[in-house]
Amino acid sequence: MTMTDPIADMLTRIRNALRASHELVNIPCSNVKISVAKVLKSEGYIKNFRIISDGQHRSIRIFLKYDKEGAPVIEGLERVSKPSCRVYAGRDELPKVLNGYGVNIVSTSKGMMTDNEARKTGVGGEILCIVW
């Protein structure tokens, strides 16, 4: 069975693992997913990630992050741009998530970055997802 939206699958796997209080989650690997994981790590939403291989297939192992009370650091994770309806924004049109409490993950011509980094760099792009 082919997957029509691998990024949505990644976000759903992370959401499900957080709800089940898992320490880690394995996700099939791709360059876009690695870039999203790098942004999540740099923003402090996950502990770490590692690329693992079993010889034939590569996976991304994401180590999830929880606060002192055991609540997940990621409160919400939502896909914005979908294969059926792409969402693009220029550098001046990038929306803020919950008045700056969360971040947009944007795919730009200069790589994957948050909306704040895109504004500083002066580029727009496709808004892949929002995290808060």
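**Close-ups of a predicted model**

**View 1. Ser53 faces its partner across two strands.** In this predicted model, Ser53 stands opposite Arg58, a residue of β3. The strands on show here are β2 and β3 (residues 58–64), and they pair in the antiparallel sense over seven bridges.

**View 2. Three strands make an open sheet.** Pull back a little and the strand order reads β1-β3-β2, with antiparallel pairing in an open sheet. Why is one side of β1 and of β2 left without a neighbour in the sheet? Both strands, β1 (24–28) and β2 (46–53), stand at the edges with a single partner strand each, so one side of each has no sheet neighbour. From one strand to the next, the twist averages 25°.

**View 3. Two helices pack on the sheet.** Helix α1 (residues 6–19) touches β1 and β3, and its direction makes about 165° with that of β1. Helix α2 (residues 31–42) packs on the sheet as well, but its contacts take in β1, β2 and β3. Measure the angle against β2 and the direction of α2 comes out at about 155°.

**View 4. Helix α1 and what its buried residues pack against.** With 14 residues, α1 reaches 20 Å from its first C-alpha to its last, close to the 20 Å expected at 1.5 Å a residue. Which residues of α1 are buried? They are Ile7, Asp9, Met10, Leu11, Ile14, Ala17 and Leu18. The buried residues of this helix pack against β1, α2 and β3, and also against β4 (77–79) and β8 (125–131). Look just past the end of α1 and you'll find Ser21, which takes a positive phi of about 60°.

**View 5. A salt bridge along α1.** Here Arg13 reaches Asp9 in a salt bridge, with the closest N and O atoms 2.9 Å apart. The two residues sit four apart in helix α1, so about one helical turn separates Arg13 from Asp9. An α-helix has 3.6 residues a turn, so residues three or four places apart point the same way. As for accessibility, Asp9 is among the buried residues of α1, while Arg13 is partly exposed at a relative accessible area of 32%.

**View 6. Helix α2 and the glycine that follows.** How does the span of α2 compare with what its 12 residues should give? At 1.5 Å a residue, these should span 16 Å, and the end C-alpha atoms are 17 Å apart, which agrees. Buried in α2 are Lys33, Ile34, Val36, Ala37, Val39 and Leu40. Next after the helix comes Gly44, with a positive phi near 85°.

**View 7. Arg119 and Asp115 meet within α3.** The structure holds six salt bridges, and one of them joins the side chains of Arg119 and Asp115 at 3.5 Å, N to O. Both residues lie in helix α3 (residues 115–121), four residues apart, or about one turn of the helix. Buried or exposed: where does Asp115 fall? At 2% relative accessibility, Asp115 counts as buried, whereas Arg119 is partly exposed at 26%.

**View 8. Arg91 and Asp92 form another salt bridge.** Arg91 and Asp92 bring their closest N and O atoms to 3.9 Å apart, under a salt-bridge cut-off of 4 Å. On accessibility, Arg91 has 46% and counts as partly exposed; Asp92 has 69% and counts as exposed.

Key. Residues numbered from 1 in each chain as written. Predicted model: local features only at pLDDT ≥ 70, side-chain atom pairs only at ≥ 80, totals over all residues. Heavy atoms only, no water. Pairing = 2+ DSSP bridges. Axes fitted to C-alpha atoms, helices over the stretch in contact; angles between N-to-C directions. Contact = heavy atoms within 4.5 Å. Buried < 20%, exposed > 50% of the residue type's maximum accessible area, 1.4 Å probe, protein only. Expected span 1.5 Å × (residues − 1).
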